[in-house]
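This report covers one protein chain. The sequence and the model come first, followed by notes on overall make-up, two helices and the internal cavities.

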Amino acid sequence: MSQSIVSNITNYLERHQQGARLTLTAVAASVLTASTLIGYQRMTRSRLQDDKKALKRVVDEEQPAAISIIDQEKMEENKKEPMDESLVLELLARNTAFFGHESVCKIRKSFVVILGAGAIGSWTALMLVRSGVEHVRIVDPGYVRLESMTRNAVAKIADIGKSKALILKKYIGDIAPNADVQVERTQLTPENMADMLAGTPDFVVDTLPNVKDKVLVAKYCKEHNIKIVSAMSAGAKADPTLIQVTDVNDTMTDPLARMYRRQLRKFGIDRGVPVVYSTEKSLHVDHKDFSTRSLPILGPVASMFGMALVTYVIVQLAEFTAYKLPANKMRDGVYSRLQKELAAREQVIFNNTTNILNTSQVGYVFDEFWQGKSAISGAQDRALVMTRWDASQVSSLVNTVVMTKDEANVHDKLAKGTDLAAHYGSDVVNRINAQFALEKKLQQLWDSSSTA
C-alpha cells in the first residue's frame, strides 16, 4: 500500500514538475515566515519580561536605575538661561495687581524650605515657584514610584526610579529658570535638622508623613523663631469643602492632627503652628498609630492641600493683612486658675507639694482628655476643678480628672479602696480608663518611634 502511494506521488511529480516546484517553494516560504514570526515573538516576550522585571526592581526597591542616575546628574549640571526681567514681571503681573509691586518683591526675595516632595510637597514646591518665590530648598530622600504617579505634580513615566526632589528641580528649571532650587536627597533627622533648615528661611513648609518628625521640626522652628506651616494627612479624604487652614490648637476630628497637637503640647507648644487639614471624618479607615500611614490618597485632594499651603505662605510673605488665622480657643486664665487650685488640693488633701502638674500640663489634660467638661457628668461651667482619680496614686497625666467643685469634694472624701465602678457606674469608669489607656498608648508609640 505504501509503495503504491509513493509510486503515484513520484509519477505525479514527474508529470507536473513546474507545479511541484512552485508548491514546494510556497510551503518552504510559509515555513520560513512562520519560523521567523515565532522567533520574533519569543524574543519580544523575553525582552518585555526583562523590562517588566527591571521596572519592578526599580519600583519595589525605590532605587534609581543606572540610566536614571546619569539623567539626575545631567539635571544638576544643566542650568537654564535666566529669564529676562521684563518677562518675569509679565509672568507675575496678576500677582502684582493683587498684592502690589512691593509685596511681590518680598515674595520673590523670600527663601522657603519644603520638607517632602510627595503627594502634597510636589504641588507645594511647584506652586510656590509659580507664585514668584525664587529661592527654595526641597528636602526628600525618596524616588518616584509607579503607584505615586496619580498624585505627583510633575512626574512622568520616564521619571520612575528617579529622585522626586531632582525631577521637581528639573521641571521648575523649565518654567522658572530664575529660581534657585536647592535639593537635599536625605532623610530629615534631629542630627541634620540644623543643616536642612540653615540659611534663615522665611518659611518652612512641612509635608512630612511621620508625626514624630513633624513635632521635632515644629519644636526646632519654634526654638529658632522660624515660621512654619504644617500639612496633615490627605489620606482617605474626598470632600474639598472641608479643607481648612487654622491653628493647630483649633483642629478637630482628624486623628493625625489630634496626635500632632497632643505631642506638641508636651513640648509646651500649644499655639502658633498653622496647619492645613480636613475636618472630614473617614469612618472606613482605621488609624492604628501615627508612625506609619498607608492610607489611600486621591490626587486632587492632595493637590488642594498643597494649594492651601502655598496660598497661606505667599499671603504671609506678602504681609497681606486681609487674611488672618481664626482666633484660637486658648484659655490661659482658666488653665492658671485650675493649676493653682490643683496645687492647693494636692497640698491640703494629699500633703503633696512636689509631684504636681504645671500649667501647660493642666491645659493639656483639660482640653485633650476631657474637652473642658466634667469627666463624671459632662458638665461645662466656670466651677470646674481638677483632682486625682485614684487617690492612692500620685498626681500625673494619667491620674487627673476634671470635675465640678461639688463632684471633686465628694470624690476626695471617698473611703480608701472604694469600688469606683460601683460608685459611679461602669460606663463612667470605662470612659475615664479609656482616656488614660489612650495616653499611655500614644506615649509608647512616641517612644518606640524614636528607637525605630
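## Overall make-up

Of the 452 residues in the chain, 44% are buried. The model is a predicted one. Its secondary structure consists of 17 helices and nine strands.

The accessible surface amounts to about 24200 Å². Carbon and sulfur atoms account for 54% of that surface. When contacts between residues at least 6 apart in sequence are considered, 73% of them join residues at least 24 apart.

## Annotated transmembrane regions

An unreviewed UniProt entry lists residues 20–40 and 111–129 under "transmembrane region". Such annotations may be inferred rather than shown by experiment.

How much helix and how much strand does the chain have over residues 111–129? In the model this stretch is 47% helix and 26% strand. The C-alpha atoms at its two ends lie 11 Å apart.

## Helix α7

Helix α7 spans residues 121–130. Seven of its 10 residues are buried, which leaves the helix mostly covered. The buried positions are G121, S122, T124, A125, L126, L128 and V129.

What do the buried residues of α7 pack against? Their partners are the strands β1 (111–115), β2 (135–139) and β4 (203–206), together with the helices α8 (164–175) and α12. Just after α7, G132 has a positive phi of about 115°.

## Helix α12

Helix α12, one of the packing partners of α7, runs over residues 299–317 and has 19 residues. From first to last C-alpha it reaches 27 Å, close to the 27 Å expected at 1.5 Å a residue.

Of the 19 residues in α12, 14 are buried, so the helix is largely enclosed by the rest of the structure. The helix is followed by E319, which has a positive phi near 55°.

## Internal cavities

Rolling a probe the size of a water molecule over the atoms reveals where empty space remains. In this model there are two cavities of 30 Å³ or more, and the largest has a volume of about 110 Å³.

Which residues are closest to the centre of the largest cavity? Among the 13 residues of its lining, they are V88, L91, V129, E134 and A176. The elements that contribute two or more residues to this lining are α4 (85–91) and α7. V129 is thus listed both among the buried residues of α7 and among the lining residues closest to the cavity centre.

Technical notes. Residues are numbered from 1 along each chain as its sequence is written. This is a predicted model: local features need pLDDT of at least 70, side-chain atom pairs count only at pLDDT 80 or more; totals for chains, interfaces and linings use all residues. Side-chain values use heavy atoms; hydrogens and water are left out. Helices (H or I, at least four residues) and strands (E, at least two) are DSSP runs, numbered from the N terminus. Buried means under 20% relative accessible area, exposed over 50%, partly exposed in between (1.4 Å probe, protein chains only). Contact means heavy atoms within 4.5 Å. Accessible areas come from the Shrake-Rupley method with a 1.4 Å probe; for residues, only the protein chains shown count as cover. The expected span of a helix is 1.5 Å times one less than its number of residues. On a 1 Å grid over the protein atoms alone, a cavity is a set of points where a 1.4 Å probe fits but cannot get out, and a pocket is an open set with protein on both sides within 12 Å along at least five of seven lines; lining residues have an atom within 4 Å of a point. Grid points are joined across faces, edges and corners, and a volume is the space filled by probe spheres set on the points.
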